[in-house]
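Me: Please take a close look at one residue of this model and at the contacts around it. Then place that residue in the wider fold, with attention to helix packing, burial and backbone geometry.

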Amino acid sequence: MSSLVDLEIFARVVTAESMSAAGREMGLSPAVVSKRMRRLEDRLGTRLLQRTTRQIALTEAGQGFYERVVAILASIEEAESFVTRRSTTARGTLKVTAPTSFGRMHVAPHLGPFLAANPELTLNLQLNDEFVDIVGEGFDVAIRIAELTASSHVARRLAPVHRVLCASPDYLARHGRPETLADLEKHACLSPQQQDGWRLDGPDGPVVIRPSAPIRTNSSEVVREAVVAGFGIALRSTWDVGPELSSGRLEVVLPDYRGARGVAVHAVYPSRRFLPLKVRVFIDHLAGLYGSAPYWDDGLEAVLSGQKRRRRAATAETLEEAT
């Protein structure tokens with residue numbers, strides 16, 4: 001009979017699509033994982049995995065075996081949870097990656113209550129503006145702000161993202177306020193190097209703008225500080241510059257255009273199968289904090305409406321003086 005450990009290793013290899021990644025998840029060396037897989041195949045008398053230098057794929061026999069192994073392991077986990085009540089306690093180390101600014105502003109401040117509610121959990125939070133390989137680097141969950149396309153991973157939407165074009169009053173006083181998208185060509189448009197254009201939704205549908213600026217940086221935080229300091233116009237998320245918009249340190253320009261609506265805050269994790277409780281409670285915690293109307297947008301529409309009214313009034317006054 002196959003060892004339950006061998007079955008778990010096999011399932012982990014399949015979900016991670018890598019013996020090395022499965023080994024890291026289970027604290028085993030790649031050599032040990034490979035040896036256990038060969039022993040399992042020898043015992044069964046059939047090949048379960050097709051191995052190449054770049055990937056691992058299931059054979060036909062392996063696919064059928066995997067489906068049954070998953071059911072067996074799920075039943076065992078359910079039985080253990082029933083007896084030991086493990087389903088009520090998150091344990092171990094939770095490794096999370098998140099964008100630098102968002103992690104600093106909207107994850108880190110909320111960790112105290114989360115860890116207090118889960119005292120047997122240790123959190124390893126890594127902030128990075130690049131999309132990391134969550135399986136290859138051993139992350140349990142990634143917070144990603146994007147319009148996600150088809151992926152081998154599972155994603156849960158945590159909050160909408162509203163992005164606006166904005167600039168400081170000082171910059172607008174010195175350089176004028178753009179009235180059309182074409183006017184942006186005469187302005188310094190600040191954007192991180194890794195951002196592939198500004199994808200906007202406007203009155204006539206989606207449009208892409210290729211911004212150019214005197215500042216080149218890979219840091220979204222540098223762009224944020226530059227726009228607040230009056231260096232140009234930027235497309236920023238309200239979760240990032242909401243306080244500056246509310247205080248008037250930044251003003252919205254071209255308010256009829258917003259960042260693409262498909263962009264949202266997501267929690268991404270490798271697989272729905274064997275989702276550890278530590279991952280589930282963390283994602284639930286963030287979802288409860290943010291939701292469909294996140295706290296960082298409280299009162300923001302009123303501020304933006306007020307800016308529009310003041311702008312219309314100023315325009316009307318200018319026209320009246322001209323006549």
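**Val223 and its setting**

Reply: Leaving aside residues up to four places away in sequence, Val223 touches Leu190, Ser191, Pro192, Thr217, Ala234 and Arg236. The model is predicted, and the contacts of Val223 should be read as computed from that model. Val223 itself belongs to helix 8, which spans residues 220-228. Its relative accessible area is 2%, under the 20% limit, so Val223 counts as buried. One of its partners, Pro192, is 31 residues away along the chain, yet the C-alpha atoms of Val223 and Pro192 are separated by 6.6 Å.

The segment leading to helix 8 offers a contrast in burial. Pro214 sits in the loop that runs between strand 10 (205-209) and helix 8. With a relative accessible area of 69%, Pro214 is exposed, whereas Val223 is buried. Pro214 can also be placed relative to Gly232: the two residues are 18 apart in sequence, and their C-alpha atoms are 9.3 Å apart in space.

The wider chain gives this site its context. The protein chain holds 11 helices and 14 strands. Of its 323 residues, 44% are buried. Among contacts with a sequence separation of 6 or more, 76% join residues 24 or more positions apart. The pair Val223 and Pro192 is in contact, and its separation of 31 residues places it in that long-range group.

Two other helices show how burial extends over whole elements. Helix 9 covers residues 238-247, and 7 of its 10 residues are buried, so helix 9 is largely enclosed by the rest of the structure. The buried residues of helix 9 are Thr238, Trp239, Asp240, Val241, Gly242, Glu244 and Leu245. Charged side chains are included in that list, namely Asp240 and Glu244. Just after helix 9, Gly248 adopts a positive phi of about 90 degrees. Helix 5, residues 100-107, is likewise largely enclosed by the rest of the structure, because 6 of its 8 residues are buried. In helix 5 the buried residues are Ser101, Phe102, Gly103, Met105, His106 and Val107.

Burial also describes the cysteines Cys166 and Cys189. Cys166 has 0% relative accessibility and therefore counts as buried. Cys189 is buried as well, at a relative accessible area of 3%. With sulfur atoms required to lie within 2.5 Å, the count of disulfides comes to 0.

At the N-terminal end, helix packing can be described in two steps. The axes of helix 1 (residues 4-16) and helix 2 (residues 19-26) come within 8 Å and cross at roughly 125 degrees. That angle makes helix 1 oblique to helix 2. The crossing of these two helices is right-handed. On the side of helix 1, the contact involves Glu8, Ile9, Arg12, Val13 and Ala16, and on the side of helix 2 it involves Met19, Ala21, Ala22, Glu25 and Met26. By class, this contact comprises 7 nonpolar and 3 charged residues, with no polar ones.

Helix 2 then packs against helix 3 (residues 30-44) at an angle of about 110 degrees, with their axes 8 Å apart. Since 65 to 115 degrees is the range for roughly perpendicular, helix 2 and helix 3 are therefore roughly perpendicular to each other. Here Met19, Ser20 and Gly23 of helix 2 meet Pro30, Val33, Ser34 and Met37 of helix 3. The residues of this second contact divide into 4 nonpolar and 3 polar, with no charged ones. Met19 takes part in the contact with helix 1 and also in the contact with helix 3.

Backbone geometry adds a final group of sites. Most residues other than glycine have a negative phi. Glu17 departs from this pattern, with a positive phi near 60 degrees. Glu17 lies in the loop between helix 1 and helix 2, and at 48% relative accessibility it counts as partly exposed. Leu254, which is not a glycine either, has a positive phi of about 45 degrees. Leu254 is found in the loop between strand 12 (251-252) and strand 13 (258-259). At 7% relative accessibility Leu254 counts as buried, whereas Glu17 is partly exposed.

Key: Residues are numbered from 1 along each chain as its sequence is written. This is a predicted model: local features need pLDDT of at least 70, side-chain atom pairs count only at pLDDT 80 or more; totals for chains, interfaces and linings use all residues. Side-chain values use heavy atoms; hydrogens and water are left out. Axes are lines fitted to C-alpha atoms, for helices over the stretch in contact, and angles run from 0 to 180 degrees between N-to-C directions. Helices (H or I, at least four residues) and strands (E, at least two) are DSSP runs, numbered from the N terminus. Angles under 35 degrees count as roughly parallel, over 145 as roughly antiparallel, 65 to 115 as roughly perpendicular and the rest as oblique. A crossing is left-handed if the near helix is turned anticlockwise from the far one by less than a right angle, and right-handed if clockwise. Contact means heavy atoms within 4.5 Å. Buried means under 20% relative accessible area, exposed over 50%, partly exposed in between (1.4 Å probe, protein chains only).
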